[in-house]
Structure formats: C-alpha cells, structure tokens
Amino acid sequence: MKTFTFILFIAVINIQAQVSDFKHVNFTKADNLAKLYESESLKNVPLLTHNLTHSLKTDIEKFRAIYKWICANINGDHRLSQKILAKNKKLKNKTELSKEWQLSMLPKVFKKLRKQKRTMCTGYAYLLKYMSEIAGIKCKIIHGYARTATTNLNSFELINHSWNAVKINNKWYLCDPTWSSGYANESFQFIKDYNDGYFLTSPQLFSKNHFPLDETWLLNSNESSTSYLESPIIYNETFKHSTFPISPSKIALEIPTKQLSEFIFTSELEQSDSFDMVIEKGNLIKFISPKTSFNHKKKQVKLSYSLKNKGSYKLHVLFNNDIVSTYLISGK
C-alpha cells in the first residue's frame with residue numbers, strides 16, 4: 001500500500017517506538033553484518049546465524065542483525081499469501097479441516113522459503129523465531145488480525161497475519177518482519193522497501209493494525225477489540241513516517257458541510273506542507289490542500305478543511321504522497 005496512485009481500494013500522544021529503550025545503541029555494525037552476508041542461502045541457517053551474530057556483544061545487536069538480514073533477503077509471495085487466505089476464508093467455520101489443510105501446507109511453505117527465499121507472513125515469523133533462538137534470544141510467533149483498507153475493517157472476519165514478540169533484557173517487544181521488508185505493487189510484484197517503523201514498535205502503536213488472538217500479546221497496550229475496529233485505518237507508511245492520527249479517534253465521522261473540521265497527527269519534524277488530503281467518492285477523486293499548523297511543544301500537526309457537499313466519502317490523509325490514514329465521512 002505505497003501511494004494513492006494504486007491504493008483506491010486514537011488517541012496516541014507523544015508515543016515513541018520501543019526502540020527508544022535502545023537509543024544509545026549504535027546499530028551500524030549489526031546493519032553492516034546483515035549487508036555483508038547479503039544473498040547468503042538458507043541451506044545452513046545455524047552457520048548463517050553464527051556469522052551474523054558471533055562478533056556482536058549484546059542481544060539487541062544480534063537481534064537487529066538477524067532482523068535486517070531477513071528483511072533484506074526474504075521476498076514476500078503475494079500469490080501464496082492470497083491462496084492461503086482464500087482457503088482459510090473458505091474453511092473458516094470448519095475448524096478441523098482448516099487445521100489439517102494448514103498443516104499440509106507448512107512443508108510447502110518452508111520448502112519455498114528455504115529454496116527460493118520467498119514466503120508469506122508465517123514464513124517470515126518462523127524464520128525470525130528460528131534464527132533468534134539459535135542466537136540464544138527468546139522469540140515467539142504471534143497470530144492474529146491485521147487491519148487493512150479491505151480486511152477486518154468493521155469486524156474480525158479473518159485471521160490473516162503473523163508477527164513476532166522478542167524478549168530483550170527481560171522485556172518483551174513487538175515487531176513485524178513481513179511488513180518491515182516491503183510491499184506488493186499494483187501488479188502484485190514484491191518491492192523491497194525496508195520499514196524500520198515495525199522494529200520494536202510500542203504496543204500502543206503496534207495494536208492499531210495488529211490484534212493478537214491471545215490478547216496477552218497486546219502487552220501494555222490498552223487497545224480493545226471495539227476501539228481497534230472503530231479507529232481510523234492506518235498503513236505501513238504511517239509507521240514509516242511516524243505520523244499517527246490523534247484526533248478524531250474514530251474512522252466513521254459525521255461532519256456538517258461548510259464547517260471547519262480538524263484532524264491532528266503526530267509529526268517529528270515541522271513539515272506541514274508535506275500533508276495533503278484526498279476525497280474519494282465512487283470514481284471521483286479530489287485533492288485538497290488543508291490549512292496546516294504545527295505545534296512544536298507537542299510535535300503535532302493540525303489539518304483543517306471544510307467539506308463542501310453532503311454525502312458519503314472516504315477521506316485519505318497523505319504525507320509525502322503516501323496514505324497515512326483513512327476516514328469514512330458522512331457530510332450532513
């Protein structure tokens with residue numbers, strides 16, 4: 001979901017990624033090791049893991065080297081993912097058949113991962129767990145619901161994603177190597193585009209588009225199933241730009257026409273002119289330049305605009321031409 005050109009399909013105040021726990025850590029050596037062993041095969045994973053981690057002193061550096069290597073070297077397989085999701089949807093109410101089918105698919109998924117370095121989210125999460133535990137780092141696979149513009153929008157309709165929890169210095173952190181590694185373009189080709197926003201993300205932010213089956217893995221997020229489904233849609237680029245919606249906190253809004261409406265987002269830098277809005281109604285697409293103001297103290301941007309006509313719309317907020325949030329507007 002990269003830019004608006006092919007994506008037509010919360011109260012979060014001053015929350016920083018958990019990586020801030022390690023802001024004193026220089027990841028240069030770990031990142032360089034990941035690059036040094038770029039293109040290594042998965043024929044001998046223990047040896048690869050050793051090469052990536054043996055010269056690093058801390059668990060966080062070792063985990064970083066493993067994470068960056070996986071994101072740089074494993075490609076997402078959109079067709080495989082869609083095939084499995086379609087079958088899971090078909091067998092949604094047939095629990096035993098669904099489990100049997102999933103188990104039958106695992107060898108095929110892992111064979112493709114090992115030989116072609118192509119996989120879906122389960123493969124990414126499995127490989128991160130496997131390599132981390134070889135390095136002596138406790139890591140778990142978390143299954144649950146990922147919320148996108150077309151899936152799990154109004155209800156928990158489909159379990160469709162897997163990610164990881166990792167224990168560093170006796171504390172659990174969340175990460176998503178699948179969504180960190182890149183995205184599928186409009187032709188469903190996988191495009192490498194590393195997104196550091198999903199590396200050790202704060203639970204409060206992570207839970208805005210990840211909801212685990214086992215709610216223990218919300219960690220210290222106070223997200224509920226209701227607030228999750230009622231919140232604005234956010235995207236991978238929201239995490240990449242660290243630009244999160246603060247207000248309004250709900251996706252569905254009734255807005256009087258010709259009345260000034262305000263939308264507030266986090267923003268680390270004073271880049272008010274980088275924000276745009278797009279109204280989508282059927283085949284109508286209209287770009288809007290909202291009035292913007294920057295709050296230095298709170299590191300927030302306020303966007304203001306007036307809806308001209310009555311009716312139902314999708315309102316997309318863009319930062320540097322990437323969609324970062326979507327609302328459903330009812331003009332009255």
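**Exercise 1.** In this predicted model, determine which residue of β14 stands opposite Val278, and then place β13 among its partner strands.

*Solution.* Begin with the β14 side, where Val278 stands opposite Phe287; the strand that contains Phe287, β14, spans residues 284-288 and is joined to β13 by five bridges in an antiparallel arrangement. Next, turn to β17, in which the bridge partner of Val278 is His316. That pairing belongs to a set of six bridges between β13 and β17 (residues 311-319), and these strands also run in the antiparallel sense. Val278 therefore has a partner in β14 and another in β17, where pairing is counted from at least two bridges between strands. Finally, consider the connection between β13 and β14, a hairpin with two residues between the strands, in which Gly282 takes a positive phi near 60°.

**Exercise 2.** Decide how many of the seven residues of β13 are buried.

*Solution.* The cut-off that this step needs is a relative accessible area under 20%. By that criterion five of the seven residues of β13, which covers 275-281, are buried, and the strand is mostly covered.

**Exercise 3.** Find which side chain of opposite charge is nearest to Arg147, and state what the side chain of Arg147 reaches instead.

*Solution.* First locate the residue: Arg147 is found in the loop between β3 (139-146) and β4 (161-168). Arg147 is buried, and the nearest side chain of opposite charge is that of Glu223, 8.2 Å away. A salt bridge requires a distance within 4 Å, and Arg147 has none. Backbone oxygens are the next thing to examine: the side chain of Arg147 reaches that of Leu153 at 3.2 Å, while the backbone oxygen of Leu229 lies 2.9 Å from a polar atom of the Arg147 side chain. To complete the surroundings, leave out residues up to four places away in sequence; the residues that Arg147 touches then include Asn152, Asn209, Tyr228, Ser231, Pro232 and Ile251.

**Exercise 4.** Work out in what order the four strands of the open sheet that contains β10 are arranged, and which strands form its edges.

*Solution.* Start from β10, which is joined to β12 (residues 260-266) by two antiparallel bridges; within this pair, Pro245 has Phe265 of β12 as its bridge partner. Extending from there gives the order β10-β12-β16-β15, with antiparallel pairing. The edges are β10 (245-247) and β15 (291-295), each of which pairs on one side only. As a last step, the angle between neighbouring strands of this sheet, with direction ignored, is 30° on average.

Methods
Residues are numbered from 1 along each chain as its sequence is written. This is a predicted model: local features need pLDDT of at least 70, side-chain atom pairs count only at pLDDT 80 or more; totals for chains, interfaces and linings use all residues. Side-chain values use heavy atoms; hydrogens and water are left out. Axes are lines fitted to C-alpha atoms, for helices over the stretch in contact, and angles run from 0 to 180 degrees between N-to-C directions. Buried means under 20% relative accessible area, exposed over 50%, partly exposed in between (1.4 Å probe, protein chains only). Lys and Arg count as positive and Asp and Glu as negative; His and the chain ends are not counted. A polar contact is a pair of N or O atoms within 3.5 Å; within protein, one must be able to donate a hydrogen and the other to accept it, and residues adjacent in sequence count only if both atoms are side-chain atoms. Contact means heavy atoms within 4.5 Å.
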